[in-house]
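Biologist: I am new to this one, so please choose the inside of the model and take a close look at it with me. After that, work outwards at an easy pace.

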Amino acid sequence: MSASTKLFTAIQALCFLAEAGEHSLSSEELSRRMGTHPSRLRNILSMLVRGGVVRSTRGSAGGFLLAKPARAIHLQEVYCSVETEKAFHLDVGKGNASTQNDAGLLHAWFLDLFADIQIRIEDEMRGITLAQVLERIQSTVTTSQLPR
């Protein structure tokens with residue numbers, strides 16, 4: 001699953017959990033609502049549990065709940081919970097022996113550039129909460145329902 005797909009799936013699940021409030025939702029219920037495979041979703045939910053974003057409950061009424069209010073969940077913590085590789089991970093070869101010095105300098109420059117971009121992306125994500133995502137969705141739905 002690509003990075004953007006994992007993050008999107010995680011955010012989508014968190015939105016459903018936020019809407020459910022104090023009622024836990026099973027992975028089967030979430031996957032049915034989201035139209036995603038239950039095992040893929042369970043994998044993402046377990047990452048979110050390990051990241052402290054979601055908590056799970058056991059038993060016949062068990063399922064998943066947000067671990068904290070939606071206003072306290074930032075996209076950066078969701079991103080760091082579900083991504084095993086950063087968006088701007090650089091994997092380039094070292095080049096051949098005749099261009100090793102130039103390739104090494106270029107490689108170092110790209111590593112620095114991508115590290116800076118990654119920091120900016122995560123800083124931006126720290127400024128966006130799950131509550132803001134839900135508000136944006138709600139305002140978009142409300143706007144799209146206005147008469148034309």
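Modeller: Let's begin with the largest nonpolar core, which has 32 residues. Such a core is a set of buried Ala, Val, Leu, Ile, Met, Phe, Trp, Tyr and Cys residues joined through side-chain atoms within 4.5 Å. The residues with the most contacts inside this core are Ile11, Leu14, Leu17, Leu30, Leu48, Val78 and Leu130. At least two core residues come from each of helix 1 (3-20), helix 2 (27-34), helix 3 (38-50), strand 2, helix 4 and helix 6 (130-144). The most generous of these is helix 1, which gives 9 residues. As background, nonpolar side chains in soluble globular proteins tend to be buried together.

Please keep in mind that this is a predicted model, in which local features need pLDDT of at least 70 and side-chain atom pairs count only at pLDDT 80 or more, while totals for chains, interfaces and linings use all residues. Residues are numbered from 1 along each chain as its sequence is written, and side-chain values use heavy atoms, with hydrogens and water left out.

Leu17 makes a good place to zoom in. Leaving aside residues up to four places away in sequence, Leu17 touches Leu25, Leu30, Val54, Phe64, Leu65 and Leu66; touching, or contact, means heavy atoms within 4.5 Å. Two of the residues on that list, Val54 and Leu66, also stand opposite each other, with Leu66 in strand 2. Strand 1 (residues 54-57) and strand 2 (residues 63-66) run antiparallel and are joined by 4 bridges; two strands pair if DSSP finds at least two bridges between them. Together they form a hairpin with 5 residues between the strands, and Gly59 in the turn has a positive phi of about 105 degrees.

Helix 4 (residues 75-82) also supplies part of the core. Of its 8 residues, 7 are buried, so the rest of the structure largely encloses this helix. Here buried means under 20% relative accessible area, exposed means over 50%, and partly exposed is in between, with a 1.4 Å probe and protein chains only. The buried residues of helix 4 are Leu75, Gln76, Glu77, Val78, Tyr79, Ser81 and Val82.

Glu77 is worth a second look, because its relative accessibility of 16% makes it count as buried. Glu77 forms a salt bridge with Lys68, the closest N and O atoms being 2.8 Å apart; the term stands for a side-chain nitrogen of Lys or Arg within 4 Å of a carboxyl oxygen of Asp or Glu. Its partner Lys68 is partly exposed, with a relative accessible area of 29%.

The structure holds 5 salt bridges. Another of them pairs Arg33 with Glu29, where the closest N and O atoms are 2.7 Å apart. Both of these residues lie in helix 2, 4 residues apart, about one turn of the helix. Arg33 counts as partly exposed at 39% relative accessibility, and a network of salt bridges links Glu29, Arg32 and Arg33.

Helix 5 (residues 100-126) holds Asp123 and Arg126, which are 3 residues apart and so separated by about one helical turn. They form a salt bridge too, with the closest N and O atoms 2.5 Å apart. Asp123 counts as partly exposed at 44% relative accessibility, and Arg126 is partly exposed at 39%.

Ring pairs link Trp109, Phe110 and Phe114 into a cluster. Rings of Phe, Tyr and Trp (its six-membered ring) pair if their centres lie within 6.5 Å, and planes under 30 degrees apart count as stacked, over 60 as edge-to-face and the rest as tilted. That rule gives 2 aromatic pairs. Trp109 and Phe110 are edge-to-face, at 5.0 Å centre to centre with 80 degrees between the planes. The rings of Phe110 and Phe114 have centres 5.7 Å apart and planes at 90 degrees, so this pair is edge-to-face as well. Phe110 is partly exposed, with a relative accessible area of 29%, whereas Phe114 counts as buried at 18%.

Finally, step back to the whole chain. Its secondary structure comes to 6 helices and 2 strands, taken as DSSP runs numbered from the N terminus (helices H or I of at least four residues, strands E of at least two). In order from the N terminus, the elements run α-α-α-β-β-α-α-α. Buried residues make up 34% of the 148 residues in the chain.
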